[in-house]
Amino acid sequence: MDRPQRNSTDRWLAVAAGAATFALFLATLDEPSITWDEGATIRRESLVRGWFERVISPPQGVPRARFFQEPAISTFWPFAREEPDGHPPFYAILGNAGWLLAHRWLPPLESHRFGPVLLFCFTTAVMFHFLARRWSRLAGAAAAGSWVLMPRVFAHAHLSSYDIPLACLWFLVVV
């Protein structure tokens, strides 16, 4: 197979790997019950979402600028100051992006998990493509399959937490 056709096929296989991972996770998204740290994560995501809502549409008589001042930032962005809030706000942005896409058709817990799941599925596709182009499709399939089917990774990838998004970001930065 010539190089351009192989690259195109590898891209389609990568999309298929990401889509298959998405289908698997969508079917199993409600399997784990809420974990101890998801409550804190969801609370922080709700605060950030509330901040954006107030900035976009401020309450009557309240200037938008008030939400960019220290008291509002401290209230709505509880990050990197104390545990369990010692995480960067990127995770709340990721969770809220998923929530915005899914909250109308998924239950609340699953809609908060949707953003990290999308990142995981995207990483699976990139992983397959990256390794298939450099070594072989078998290497890409083995890596993506190991990533998705490793029991602990599979379980944690269902959660609204920080471990799997961080692992995804590590891999994506290397790529």
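Helices here are DSSP runs of H or I with at least four residues, numbered from the N terminus. With that in hand, start at His129, which sits in helix α5. Keep in mind as you click around that this is a predicted model.

**Stop 1: His129**

Select His129 and show its surroundings. Is His129 buried or exposed? It comes out as buried, because its relative accessible area is 16% and the cut-off for buried is under 20%. Leaving aside residues up to four places away in sequence, His129 touches Asn7, Asp10, Arg11 and Ala14. Hold on to Asp10 from that list; the next stop begins there.

**Stop 2: Asp10 and Arg137**

Now add Arg137 to the selection. Its side chain and that of Asp10 meet in a salt bridge, 2.6 Å from N to O. Asp10 belongs to helix α1 (residues 3–28) and Arg137 to helix α6 (residues 137–149), so the pair ties together parts that are 127 residues apart in sequence. Colour the two by accessibility: Asp10 is buried at 0% relative accessible area, while Arg137 counts as partly exposed at 24%. As background, side chains of opposite charge can pair when their charged atoms come close.

**Stop 3: Glu38 and Arg113**

How many salt bridges does a search of the whole structure find? It finds two, and you still have one to visit. Select Glu38 and Arg113, whose side chains meet at 2.8 Å, N to O. This pair also links distant parts of the chain, with Glu38 in helix α2 (residues 38–56) and Arg113 in helix α5, 75 residues apart. Check the burial here as well: Glu38 is buried with a relative accessible area of 0%, and Arg113 is buried with a value of 0% too.

**Stop 4: where α4 meets α5**

Stay with α5 and bring in its neighbour. Show residues 90–102 (helix α4) and residues 108–134 (helix α5); their axes come within 6 Å and cross at roughly 110°. That angle falls within 65 to 115 degrees, which makes α4 roughly perpendicular to α5. The crossing is right-handed. Which residues make the contact? From α4, pick Leu94, Gly95, Gly98, Trp99, Leu101 and Ala102. From α5, pick Ser111, His112, Phe114, Gly115, Pro116, Leu118 and Leu119. Colour this α4–α5 contact by residue class and you should get eight nonpolar, five polar and no charged residues.

**Stop 5: Leu172**

Leu119 leads on to the next selection. Jump to Leu172 in helix α8 (residues 163–174). With residues up to four places away in sequence set aside, Leu172 touches Leu119, Phe122, Thr123 and Val126. Try a distance label from Leu172 to Thr123: C-alpha to C-alpha they are 6.9 Å apart in space, against 49 residues apart in sequence. Leu172 itself is partly exposed, at 22% relative accessible area.

**Last stop: zoom out**

Clear the selection and look at the whole chain. You have eight helices and zero strands, so a cartoon view follows the pattern α-α-α-α-α-α-α-α along the sequence. The C-alpha atoms fill a box of roughly 65 × 35 × 30 Å along the principal axes. Of the 175 residues, 42% count as buried. Finally, turn on contacts: among those with a separation of 6 or more, 67% come from residues 24 or more positions apart.

Conventions
Residues are numbered from 1 along each chain as its sequence is written. This is a predicted model: local features need pLDDT of at least 70, side-chain atom pairs count only at pLDDT 80 or more; totals for chains, interfaces and linings use all residues. Side-chain values use heavy atoms; hydrogens and water are left out. Axes are lines fitted to C-alpha atoms, for helices over the stretch in contact, and angles run from 0 to 180 degrees between N-to-C directions. Helices (H or I, at least four residues) and strands (E, at least two) are DSSP runs, numbered from the N terminus. Angles under 35 degrees count as roughly parallel, over 145 as roughly antiparallel, 65 to 115 as roughly perpendicular and the rest as oblique. A crossing is left-handed if the near helix is turned anticlockwise from the far one by less than a right angle, and right-handed if clockwise. Contact means heavy atoms within 4.5 Å. Ala, Val, Leu, Ile, Met, Phe, Trp, Tyr, Cys and Pro count as nonpolar, Asp, Glu, Lys and Arg as charged, and the others, Gly among them, as polar. A salt bridge is a side-chain nitrogen of Lys or Arg within 4 Å of a carboxyl oxygen of Asp or Glu. Buried means under 20% relative accessible area, exposed over 50%, partly exposed in between (1.4 Å probe, protein chains only).
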